[in-house]
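Let's take a walk through this one together, starting with the overall fold and working down to individual side chains. Have the viewer open and ready to rotate.

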Amino acid sequence: NSRVETAIVRISSYAETIEIRDLGSSEEKDSLPALLIQDLDNAWKLVTHNNYAYVSGTPLQIRRQDGPLLPARLADVWLRKSEFSVFELSSPGLDSRG
C-alpha cells in the first residue's frame, strides 16, 4: 500500500482564452493560444504552454475575443509546471473587473 497526497487550490475567479503574439508581429498566423486568468486578488495572470519559451519581462500583444490587440508585458513567473507556466501580467488595456 502507498499513500498519495493531493490538493486542490482555486487560483482564479475568472478565465478566458485569448491569443498572444510577439511584439511587432503583425500576422494573425503568428498568434498563439493562451489563458488569461484573474486571481482571487483581481491580479491578471497569463497561462502559456512551456513550448512558447517566454521569459519574465517579455513584451507582447494580447487579443481578447473579438477585441483589439493590447500591449502587455510578462512579469514574474508565478507558477511553473512541466507543461505550462503562469506569469503575472500587466497591460494598460485590462481593467480590474474581468
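The protein has six strands and zero helices, so read from the N terminus its elements simply go β-β-β-β-β-β. Keep in mind that what you're looking at is a predicted model. Along the principal axes, the C-alpha atoms fill a box of roughly 55 × 30 × 25 Å. Of the 98 residues in the protein, 34% are buried. Among contacts with a separation of 6 or more, 50% come from residues 24 or more positions apart.

Now for the outside. The accessible surface adds up to about 6700 Å², and carbon and sulfur atoms own 48% of that. As for charge, there are 14 negative and 11 positive side chains, with the centres of the two sets lying 3 Å apart.

Next, look at the aromatics. How many aromatic pairs does the structure hold? There are two. A pair of aromatic rings is described by the distance of the centres and the angle of the planes. Take Tyr-14 and Trp-44: their ring centres are 6.1 Å apart and their planes sit at 90°, which is over the 60 degrees needed, so this pair is edge-to-face. Tyr-14 belongs to strand β1 (residues 14-22) and Trp-44 to strand β3 (residues 44-49), so the pair ties together parts that are 30 residues apart in sequence. The two partners also differ in cover: Trp-44 has a relative accessible area of 8% and is buried, whereas Tyr-14, at 28%, is partly exposed.

The other pair is Tyr-52 with Tyr-54. Here the ring centres are 6.3 Å apart and the planes make an angle of 85°, so this pair is edge-to-face too. Are these two tyrosines buried or partly exposed? The cut-off for buried is under 20% relative accessible area. Tyr-52 comes in at 21% and therefore counts as partly exposed, while Tyr-54, at 11%, counts as buried.

While you're on ring systems, swing over to Trp-78. The charged end of Lys-45 sits over the ring of this tryptophan, 5.0 Å from its centre.

Let's go back to Trp-44 and pick up another of its neighbours, Leu-94. You'll find Leu-94 in the segment after β6 (84-90). With a relative accessible area of 11%, Leu-94 is buried, because the limit is 20%. Which residues does Leu-94 touch, leaving aside those up to four places away in sequence? The list is Leu-36, Trp-44, Ile-62, Arg-64, Leu-70 and Leu-89. For Leu-94 and Trp-44, the C-alpha atoms are 8.2 Å apart in space, although the residues are 50 apart in sequence.

Last stop: the backbone in two of the loops. Most residues other than glycine have a negative phi, and most peptide bonds are trans. Asn-42 has a positive phi, near 65°. This asparagine is in the loop between β2 (32-38) and β3, and its relative accessible area of 42% makes it partly exposed. Asp-66 likewise has a positive phi, near 55°. Look for Asp-66 in the loop between β4 (59-63) and β5 (69-80). With a relative accessible area of 78%, Asp-66 is exposed, because that is over the 50% cut-off.

Technical notes: Residues are numbered from 1 along each chain as its sequence is written. This is a predicted model: local features need pLDDT of at least 70, side-chain atom pairs count only at pLDDT 80 or more; totals for chains, interfaces and linings use all residues. Side-chain values use heavy atoms; hydrogens and water are left out. Rings of Phe, Tyr and Trp (its six-membered ring) pair if their centres lie within 6.5 Å; planes under 30 degrees apart count as stacked, over 60 as edge-to-face and the rest as tilted. Helices (H or I, at least four residues) and strands (E, at least two) are DSSP runs, numbered from the N terminus. Buried means under 20% relative accessible area, exposed over 50%, partly exposed in between (1.4 Å probe, protein chains only). A charge sits over a ring if NZ of Lys or CZ of Arg is within 6 Å of the ring centre and within 35 degrees of the ring normal. Contact means heavy atoms within 4.5 Å. Accessible areas come from the Shrake-Rupley method with a 1.4 Å probe; for residues, only the protein chains shown count as cover. Lys and Arg count as positive and Asp and Glu as negative; His and the chain ends are not counted. The place of a charge is taken as NZ of Lys, CZ of Arg, CG of Asp or CD of Glu.
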